[in-house]
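Hi everyone, thanks for coming along. Let me put the structure up on the screen, and then I'll walk you through it.

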There are 2 protein chains.
Amino acid sequence: MSDPGEQGFALDPRLTADTAFVADWELSRVLLMDDARFPWLILVPRRAGLAELDDLAPDQQACLLGEINRAMAMLRKTGSCDKLNIGALGNVVRQLHVHVVARRADDGAWPRPVWGAGNPVRYGQAERERMLEHLRRSE
Amino acid sequence: MSDPGEQGFALDPRLTADTAFVADWELSRVLLMDDARFPWLILVPRRAGLAELDDLAPDQQACLLGEINRAMAMLRKTGSCDKLNIGALGNVVRQLHVHVVARRADDGAWPRPVWGAGNPVRYGQAERERMLEHLRRSE
């Protein structure tokens, strides 16, 4: 938390509860959604009081865009995927966060979105550690 | 279609069937989803063969980001909204397109995403014309 811009930033407790920490990039905290059905990253810009994309200044938005690209590349390295889904919704957790999800035509929710598609299947501890390691090696 | 970069671009017929034309911006064709339940724009970069965000060159992505901001501002002028939802999915229609949707806590799908939330309610012709006019005046 060395960047003074991060002052007042705190991760929404629901995001904390549902995810595992992957890394802090220049702007965003990178989280792995704890749902083994989908390789699923969440980017949370480490700035206080954000809800909408355009609450970010243009240079911060450009940085976030670069980080979305980076997350896409990272997910592709976790295995084959047929489509990447990107979403910034915030109807439940208002804090600005961007989902980047690797989808396969044989995943249980295809072609529906992942949000609200059944119940999450938590990773086992060893499986989660393997995934986190894989992701960090793919950075 | 004066920009040679647009060569080979054609709107997916499912997008044509489900939307009304609003405008052509620098990169994107702007469409109104024909679903009166939600003020809902779709941006389709007018380039052939795109599926993923990172199929666009960085300068095109930056342009798209600007156009997403513009769509957000445009939707806010159509009425009060509690949250804007942004999504690039493409599981059904593979052609790259970005949804920008104005959500209200009293819309029928809240807080779920709009995709797959019941059946669309088509605008009446006069209502659609009013909406399109409103959007174009808000550009």
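**A hairpin, then the interface**

Let's start in chain B, where S1(B) and S2(B) make a hairpin with 3 residues between them. Helices and strands here are DSSP runs (H or I of at least four residues for a helix, E of at least two for a strand), numbered from the N terminus. S1 covers residues 19-24 of chain B and S2 covers residues 28-33, and the two run antiparallel, joined by 5 bridges. Strands pair if DSSP finds at least two bridges between them. Within this hairpin, Thr19(B) has Met33(B) in S2(B) as its bridge partner.

Before going on, a word on conventions. This is a predicted model, with local features needing pLDDT of at least 70 and side-chain atom pairs counting only at pLDDT 80 or more, while totals for chains, interfaces and linings use all residues. Residues are numbered from 1 along each chain as its sequence is written, chains are lettered from A and ligands numbered from 1 in the order in which they are written, and side-chain values use heavy atoms, with hydrogens and water left out.

Now, how do the two chains meet? Chain A gives 29 residues to the contact and chain B gives 29 residues, where contact means heavy atoms within 4.5 Å. Between them the chains bury about 2,500 Å², 50% of it on carbon and sulfur atoms. That buried area is the accessible area (1.4 Å probe) that two parts lose on being put together, summed over both.

There are 22 residue pairs in polar contact between chain A and chain B, both residues at pLDDT 80 or more. A polar contact is a pair of N or O atoms within 3.5 Å; within protein, one must be able to donate a hydrogen and the other to accept it, and residues adjacent in sequence count only if both atoms are side-chain atoms. On the side of chain A that touches chain B, helix H2 (58-76) and strand S4 (83-88) each supply at least two residues. H2(A) has the largest share, with 7 residues.

S4(A) also pairs across the interface: 3 bridges join S4(A) to S4 of chain B (residues 83-88), and the strands run antiparallel. Ile86(A) sits opposite Ala88(B) in S4(B).

How many salt bridges are there over all chains? The search finds 26, each a side-chain nitrogen of Lys or Arg within 4 Å of a carboxyl oxygen of Asp or Glu. Arg76(B) lies in H2 of chain B and Asp54(A) in the loop between S3 (40-45) and H2 of chain A, so this pair joins two chains. Their closest N and O atoms are 2.8 Å apart. Across the interface, the rule finds 4 salt bridges.

On to symmetry. A turn of 180 degrees and a shift of 0.0 Å along the axis lay chain A on chain B with an RMSD of 0.0 Å; the superposition is by least squares on C-alpha atoms of residues with pLDDT of at least 70 in both copies. The copies are thus related as by a two-fold rotation axis. In chain A, Gly87(A) has the C-alpha nearest the axis, 2.1 Å from it.

One last thing to look at: the peptide bond from Trp110(A) to Pro111(A) is cis, with omega near 0 degrees. Pro111(A) is in the loop between S5 (98-103) and H3 (125-137) of chain A.
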